[in-house]
Amino acid sequence: MKRTTQIWAAPLLASLLLLGGCGLFGRDEAVKEIDPPQETSYVKDGQALQEATESQKEEKEKAKATETVKRELYLIDKNGFVVPQTVELPKTQAVAKQVLEYLVEDGPVSEMLPNGFRAVIPAGTTVLGTKLEKDGTLIADFSPEFKNYKPEDEKRILQSITWTLTQFDNIKRVKIRINGYDQNVMPVNKTPIQDGVSRADGINMEANGVPDITNTHPVTVYFVAQQGNSTYYVPVTRRVSNKEKDDIAAAVNELIQGPEQGSGLVGVFQPDAKLVDAPKYEDGKVTLNFNEGIYGSNKKNVISDVVLNSLVLSLTEQKGVESVAITVNGKANLVTEDGKPLTKPVARPQNVNTGTF
């Protein structure tokens, strides 16, 4: 009998160690476990432990697979503008390829398109691959179906691809390939691509009223549009005279001037709003000193959310600008619509048009 007990005890002790040492520190519990019921199968117990471990791994893998991250997709709205919309996409290492796939009509973006919006890349297009060069140029390679778009959509497609990809800090400009071949121009209307397109080339370009475009340079500002009860922000690039040396002041003046009539965009600034002093820039912060025309309501000291957001988005689009501070006649006593004092500079949000700015 003594020899039999030893045979049972050895595998049992190993099993107990695997199970975390239960009963190893109490003599009574140890004795009880050494004499298990006859029907107990240690092989089955080992299998159950292995199955439980595998099940935990599967759960972790499933959880990892369902992890999402916010990305900006530049889609076309009902007015024909290319507009950023923030959506939740599955987490992946191939982020550039993924966002391009979500720009394809009838692709995975279909189930998450906001009302009034559509994707931009022709249906059936396959993203064959992406390649990031050392200088920050991202080469996007598409299947031949990429050519199947309407001529009027050509610039929108190029702008959408460029601005969607350049949301990532390491991507500075974009080049296009079709079936492995570099494209110096877009395939339908021959819009130039050359060495790559960047945000500096603009978006939703306006050139109306500019007699000599060669003596101008682009400035991008954010106007407001509405879809039902929702408000969203639309980037528009305008040409301003090269005589204008302060692009920050130029952007503010364009915002006050408002969008073009009939564009579908909404003006949110009071027509008598103006800067009292030249904008001040220091260490990434811009300080704007307005007259009382900046107030968005009859309530004194209140600045409307849409005015504040348009200013922040527009100015942080410019190189080196990270935040915006606002004063009125030199005093920093503004409050937001919900009554919070505007005591600190406002930084650009990580994502645009999320539904909650």
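## A walk from helix H6 outward

Start at the beginning of H6, where a side-chain oxygen of Asp246 comes within 3.0 Å of the backbone nitrogen of Ile248. Keep in mind that you are looking at a predicted model.

Now select the whole helix, residues 247-257: eight of its 11 residues are buried, so H6 is largely enclosed by the rest of the structure. Among the buried ones are Ile248, Val252, Glu254 and Leu255. To see what covers them, show strands S7 (216-227), S8 (230-241) and S10 (285-290) along with helix H7 (305-315), which are included in the cover. Just past the helix comes Gly258, with a positive phi near 90°.

Next, the salt bridges, 11 in total. Stay with S8 and pick Arg238, whose side chain meets that of Glu206 at 2.7 Å, N to O. Glu206 sits in the loop between strand S6 (181-183) and S7, so this pair ties together parts 32 residues apart in sequence. Both ends are buried: Glu206 at 10% relative accessibility, Arg238 at 5%.

From H7, move into the loop that leads to strand S11 (323-328) and select Glu317, then Arg348 in the segment after S12. Their closest N and O atoms are 3.3 Å apart. Here Glu317 is partly exposed at 21%, and Arg348 is partly exposed at 26%.

For a network, select Arg118, Asp153 and Arg156, which are joined by salt bridges that share partners. Between Asp153 and Arg118, the closest N and O atoms lie 3.0 Å apart. Asp153 is buried at 7%, whereas Arg118 is partly exposed at 31%.

Last stop: Asn351, also in the segment after S12 (346-347). Beyond its sequence neighbours within four places, Asn351 contacts Lys70, Glu72 and Thr86.

Terms used: Residues are numbered from 1 along each chain as its sequence is written. This is a predicted model: local features need pLDDT of at least 70, side-chain atom pairs count only at pLDDT 80 or more; totals for chains, interfaces and linings use all residues. Side-chain values use heavy atoms; hydrogens and water are left out. Helices (H or I, at least four residues) and strands (E, at least two) are DSSP runs, numbered from the N terminus. Contact means heavy atoms within 4.5 Å. Buried means under 20% relative accessible area, exposed over 50%, partly exposed in between (1.4 Å probe, protein chains only). A polar contact is a pair of N or O atoms within 3.5 Å; within protein, one must be able to donate a hydrogen and the other to accept it, and residues adjacent in sequence count only if both atoms are side-chain atoms. A salt bridge is a side-chain nitrogen of Lys or Arg within 4 Å of a carboxyl oxygen of Asp or Glu.
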